[in-house]
Amino acid sequence: MANPAQVSTGIQVTFDSGFLSWIKSLDGPEETRNDVNTTVLNQSGTHHTYIPSALIEGGTLDMTIIHDETKIPPITKAAETVTVTYPNGATIAFTGYMNKYRKTAPLDDLITADVSIKVASAPAYTGASSA
């Protein structure tokens with residue numbers, strides 16, 4: 001089996017609205033689901049028991065990007081299709097909306113923006129392209 005390790009250079013995030021930027025870092029999305037406690041008073045044993053919740057929280061896709069004054073971030077737009085494409089061709093696509101756009105301008109450094117995209121649907125995953 002081939003080693004699936006890859007470097008992050010080349011990741012692209014695209015929006016149906018056309019918004020695109022230079023990405024410095026990307027984190028997520030992190031899907032989570034709750035634990036449902038099924039412990040009852042008359043059970044034997046010393047540990048709580050659980051089952052997984054049926055609902056999954058899609059989380060957020062968080063990025064630090066290079067701020068570009070020529071591009072208007074879709075912070076006021078409705079949810080749209082967001083696609084993350086990895087260098088090996090694998091993708092994650094979901095309906096999402098921007099819920100944070102925060103510019104940072106440190107002394108003598110890049111002007112960047114911290115961006116959060118709320119995942120508002122079940123993500124669709126596609127595997128890597130074969131070489």
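Is aspartate 114 buried, partly exposed or exposed? Aspartate 114 counts as partly exposed, at 22% relative accessibility; buried means under 20% relative accessible area, exposed over 50%, and partly exposed in between (1.4 Å probe, protein chains only).

Before the exercises, a word on the source: this is a predicted model, where local features need pLDDT of at least 70, side-chain atom pairs count only at pLDDT 80 or more, and totals for chains, interfaces and linings use all residues. Residues are numbered from 1 along each chain as its sequence is written, and side-chain values use heavy atoms, with hydrogens and water left out.

**Exercise 1.** Find the salt-bridge partner of aspartate 114 and place both residues.

- Step 1: A salt bridge is a side-chain nitrogen of Lys or Arg within 4 Å of a carboxyl oxygen of Asp or Glu.
- Step 2: The partner is arginine 102, with the closest N and O atoms 3.3 Å apart.
- Step 3: Aspartate 114 sits in strand E8 and arginine 102 in strand E7, 12 residues apart. Strands (E, at least two residues) are DSSP runs, numbered from the N terminus.
- Step 4: Arginine 102 is partly exposed, at 47% relative accessibility.

**Exercise 2.** Describe the salt bridge between glutamate 57 and lysine 118.

- Step 1: Their side chains meet at 2.2 Å, N to O.
- Step 2: Glutamate 57 belongs to strand E4 (residues 50–57) and lysine 118 to strand E8 (residues 112–119), 61 residues apart.
- Step 3: Glutamate 57 is partly exposed at 37%, whereas lysine 118 is buried at 19%.

**Exercise 3.** State how many salt bridges a search of the whole structure finds.

- Solution: The search finds three.

Note on methods. Helices (H or I, at least four residues) and strands (E, at least two) are DSSP runs, numbered from the N terminus.
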